[in-house]
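Please look through the structure shown here with an eye to its aromatic rings, and to the charged side chains that accompany some of them. The paragraphs after it take these features in turn.

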Amino acid sequence: MNYKNITIAGSGVLGYQIAFQTAFHGFNVTVYDINDEVLEKAKGKFEIMSSAFKNDLNASQEQLDDTYQKLRYSSNLEEAVKDADLLIEAAPEDPQIKIGFYKKLAKVAPEKTVFATNSSTLLPSQFASSTGRPEKFVALHFANEIWKHNTAEIMGHPTTSPKVFNDMVEFAKRIGMLPLPLHKEQPGYILNSLLVPLLGAALDLVVNEVADPPTVDKTWMKATGAPVGPCAILDVVGITTAYNINKMAAEKTQDANKIKVVKYLEENFINKNKLGVATGAGFYTYPNPAFQKEDFLK
């Protein structure tokens, strides 16, 4: 594995975390997004990341200064990938957006560049043909707050090169992750195969007015000893991601309850820009959400 220059496409909830984590571990990183305004917002997020790395990892100021030196930004895709050994795509969880992106990327990326998708629920085989280099395409999925929950799920598709797959496992180790290789394609990988049903069940309880979000979370936390409940997890994951996943499921299945969930998320969160931790409000308000208070479980 001889990767040196990494491009991260998308600076949203996970994109900026992947970029900072990768630069922190010594790689040259270019952050690409659709315009300079979005990239400026990403720079602000890196300030938050610096504080987290200091608090959670005891990172020194020298390490953080070096991390910033390794970060570059571009809203020009051709410029962003011109030296890339690896591009990690962290675009919205929408197949058409991802397919459109890969078709553009295939035209401008150097032959050497390996592509990886951070899709949380979609399969790499859905996009392989659009990449123009299916043998150099693999899924690389990170959990949120990756500097603490440092897992990297690696999933190929039927024509992924074994060398590319093994290189991705090595790359995950190099950026401080616990590599979790999957032996076959699985929607949701390992983590979301476990997590998505939990979050879906929580939304069903809330949308059908069985219990309110704090009560759902209290139940899960008290009964299992978990540090947070599913509604709090949805705030961390991002309401937009939950909305997109449920919207795709509703369109595919026409399930009445899924349609109800989509409407609930749209009206109560998406339209009000209450997208979770990233915007300071979701099921809870941030910082200092209710579930972190000492009396929450009393």
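In this predicted model, Lys43 lies over the face of Tyr73, at a distance of 4.7 Å from the ring centre. A second arrangement of this kind involves Lys218, whose charged end sits over the ring of Phe296, 5.2 Å from the centre of that ring.

Tyr73 also belongs to an aromatic cluster, which it forms together with Tyr16, Phe20, Phe24, Phe46, Phe53, Tyr68 and Trp147.

How many aromatic pairs does a search of the whole structure find? The search finds 19 of them, and one is made by two members of the cluster, Phe24 and Phe53, whose ring centres are 4.9 Å apart and whose planes meet at 75°, so that the pair counts as edge-to-face, the label used for planes over 60 degrees apart. Because Phe24 lies in helix 1 (residues 15-24) and Phe53 in helix 2 (residues 36-57), the pair ties together parts that are 29 residues apart in sequence. Phe24 has a relative accessibility of 18% and therefore counts as buried, since the limit for this label is under 20%, while Phe53 is buried with a relative accessible area of 0%.

Another pair is that of Tyr264 and Phe269, where the ring centres are 5.7 Å apart and the planes stand at 65°, so this pair is edge-to-face. Tyr264 is buried, with a relative accessible area of 19%, and Phe269 is buried as well, with a value of 4%.

Note on methods:
Residues are numbered from 1 along each chain as its sequence is written. This is a predicted model: local features need pLDDT of at least 70, side-chain atom pairs count only at pLDDT 80 or more; totals for chains, interfaces and linings use all residues. Side-chain values use heavy atoms; hydrogens and water are left out. Rings of Phe, Tyr and Trp (its six-membered ring) pair if their centres lie within 6.5 Å; planes under 30 degrees apart count as stacked, over 60 as edge-to-face and the rest as tilted. Helices (H or I, at least four residues) and strands (E, at least two) are DSSP runs, numbered from the N terminus. Buried means under 20% relative accessible area, exposed over 50%, partly exposed in between (1.4 Å probe, protein chains only). A charge sits over a ring if NZ of Lys or CZ of Arg is within 6 Å of the ring centre and within 35 degrees of the ring normal.
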